[in-house]
Every structure is written in structure tokens, then in C-alpha cells.
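Biologist: Please take a close look at one part of this model for me: how the strands pair and what packs around them.

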Amino acid sequence: MQRLTLLLWVALLPIAGVEARKPKHAEPEPPAAVEETDSVDLEENDDFESLTEGMPVGVLSRLVGDTLFVSCGQDELPRFLVVMTDDGECQYRLMPAMLWGDTTGSHPADSLYHVWMNTRVNPYQMPVDSLKDSIPISLKGFVYPLKNLTHVTSGFGFRRYRFHYGTDVKVQVGDSLRASWDGQVRIVGWDPRGYGYYVLIRHDNGLETIYGHLSRPLVEENERIYAGEILGLGGNTGRSTGSHLHYEIRYLGNAIDPATIVDFDKGALRVPEDYLITKKGTFRHNEEIKQLKMAQYHKVRQGDTLSGIARRYHTSVRTLCKLNHIKETSILRLGQKIRVR
Ligand SMILES: [Zn+2]
């Protein structure tokens, strides 16, 4: 009998609600990255039963060659890959896209998502590159999260050295916040260094929305929710100074600029109800995010100049200005982070 090692693979946490540090309006930081963790030794198992011990009934399917199949909704999906190690031991590696989750609950978007999880904002590991070129989405029944129209305090996009994955809208503490479409509450979370109290809803149309910095969530995880129902009260919790709603729209974990879909000045849809998500259009910020993930920074010290920093990192002043949205004449502050790559 061969001794098998089950390698639990916890994929990288997504960068969620990453925002710029600003004096007046500080913002969520990404959750700390979690990488490969515990390995659990299975007692001498080389059969299907023991391999699948502890997995929810109704989820198990079959072992074919190197791959264990798990049924989620209508589809059967591979769960483990077998990796042979040097000493002849077999290791079963959990497929990143198939993280453990309670897949027993039935939900309209299940065939799209496969994983239902109350703990992580993006457990899907479905990068933009792996999406279809265009995805039709029905925005029918949309309800704007706020009752009163206020102003946008911060938009989606690149900020200095971070990416802001949502739109910030002014709210008063205690303002009712409403679900944008019908769906099911996936997460009611507390993220003290980021979202604060937040609610994440998976909608029947395949989108997920996040509502951050709440003073109080008023829903429970796994609860069915309908468009317009109150999910919580606006607030100022987490990395936030000045009460506001941090509103995100995601598709399979990938953030979409909410302002491309929602007209925040009117509190209504900006686009037709039959909407087409396109990889090139909707996720055109993806390249920028990729570059941002590879970005490097220099912290300004006494005596630093742009030309000095440029020389040191084998780049040009022009590139530095472009990367940091500054001018050649801009004055550097001590401690300021200058992106050099
Ligand atoms: Zn925000």
C-alpha cells in the first residue's frame, strides 16, 4: 500500500478592495496572502473511499486515472491532480479553482460558480484571461443601493501605487443600503484593515456585489435576498475615514468598474438591461492590474531626486513621471512611495 499525502492547497487570496492611502479617506487593503499550507497525511490509502473521506455526500463523483471528479451542480469537475514526487509518493493537489466549499445548497448561479464559500471574497481563481470573450448578463431588476443620491467620493481604478476595486459613494452612518439584484448572501464579514463590516451577495444574474464599511450588517450568510431589500446600514468601519459605501461589482471574482454599469448621479443603470460583459472592454483595466502586481516602489529618502532615483533603477525620469502621474518639477516628499517599475 502506498502512503499518500493529501496536499491542501490554499490558493492566493485575491486582492480585494485595494485602495489608495489618502489623508482624508483611507481605504481597504488587500487581505494578507495565504499560500500553500497544511499537508494532511492520509493513512495508507490508495482507494477512492479513503481519498474522499470527509467530503460532503453528493459532491463526490469518481476517480478516473489521475483525477478525482467532483460533481457541482450539473457538471462534473476534477478536484485533485495527482503529482508524483521523487521518492515515488503520490501527492494529491487540490485544484485551485475547486476549493472546498459547501456546494450542497442549490442556487441559480451555481452552474457558473461551482463554489459556495462564506469566508473568501474571491475563491474562484478564474483570472480574466480564462474568461470567455463575451458574457451576456441580465441587469434586469436593478435597485440602486442608496435611497438618496449622494456624490461619488472615489472611483474605480489605479491610484498611485494601488488599485481601487470599487466605487465609493457618500453615505451617512445609519443609512439603509439595499441589494442591487436578487441573490443570496454569501459573506457577512468583518475585515478591520479593509472593508470593515461588509456584505457580499451572489446574484442570480451571475454578478456578485460587495458593500463595505457598514456600521451594521442586517442579513445573515446563506440567506436569500431580493433586489431592494435592506442588507445593512452605512458606516465608517474598517479602513475608512468618513462614512461611505464601498461598492463593488464582480464577475467570477473579477472586479468590474461599477460606473460602467451604474450611473451614480442618477442612481440607475447606465446601460441596457441586456448587458454584454466583454473581456477586452469590461476588463480593460486587467493589463494595468497585472503590471501593478509586478510593480516596484522606492521610498523617498533625504536627498533623493527623480533623476537620482531614475539612475538607481535604470529607468528614466520620464518613465517615473508617467508611472506616478507626476511632473518632472513635482516636489518629492520624504517617505513618499515612487513606483519605479
Ligand atoms: Zn472604496
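Modeller: Two strands pair if DSSP finds at least two bridges between them. Strands (E, at least two residues) and helices (H or I, at least four) are DSSP runs, numbered from the N terminus. The model is predicted, with local features needing pLDDT of at least 70 and side-chain atom pairs counting only at pLDDT 80 or more, while totals for chains, interfaces and linings use all residues. Residues are numbered from 1 along each chain as its sequence is written.

Start with strand β8 (residues 152-154), which is joined to strand β11 (residues 167-170) by 2 bridges, the two running antiparallel. One place to look is S154, whose bridge partner in β11 is D168. Strand β11 also pairs with β19, again antiparallel, through 4 bridges. There, T167 stands opposite Y247 of β19.

Strand β19 leads on to the packing. It spans 244-251 and is among the strands that each supply at least two residues to the largest nonpolar core. A nonpolar core is a set of buried Ala, Val, Leu, Ile, Met, Phe, Trp, Tyr and Cys residues joined through C-beta atoms within 7 Å. Buried means 20 or more other C-beta atoms within 10 Å of the residue's own, exposed means 12 or fewer, and partly exposed is in between, with C-beta atoms placed from the backbone. The largest core has 41 residues, and Y198, V199, L200, Y211 and L245 have the most contacts inside it. At least two of its residues come from each of β13 (183-191), β14 (196-203), β15 (207-214), β19, β20 (254-256) and β23 (274-278). Strand β14 gives the most, 5 residues. Domain 1 (4-126) and domain 2 (137-282) both contribute to this core, so it lies between them; these bounds come from an automatic or database domain assignment.

For a single core residue, take V199. Leaving out residues up to four places away in sequence, V199 touches V185, I187, V188, Y211, L214, P217, V219, L231 and G232, where contact means C-beta atoms, placed from the backbone, within 7 Å.

Three of those partners also belong to a further sheet. P217 is in strand β16 (residues 216-217), and L231 and G232 are in strand β18 (residues 230-233). Strand β18 pairs with β16 over 2 bridges and with β12 (residues 176-178) over 3 bridges, in the antiparallel sense both times. L233 of β18 is the bridge partner of S176 and also of R216. These 3 strands form an open antiparallel sheet in the order β12-β18-β16. Strands β12 and β16 stand at the edges with a single partner strand each, so one side of each has no neighbour in the sheet.

As for the whole chain, there are 7 helices and 25 strands. Buried residues make up 33% of the 341 residues. Among contacts between residues at least 6 apart in sequence, 62% join residues at least 24 apart.

How values were computed. Two residues are in contact if their C-beta atoms, placed from the backbone, lie within 7 Å.
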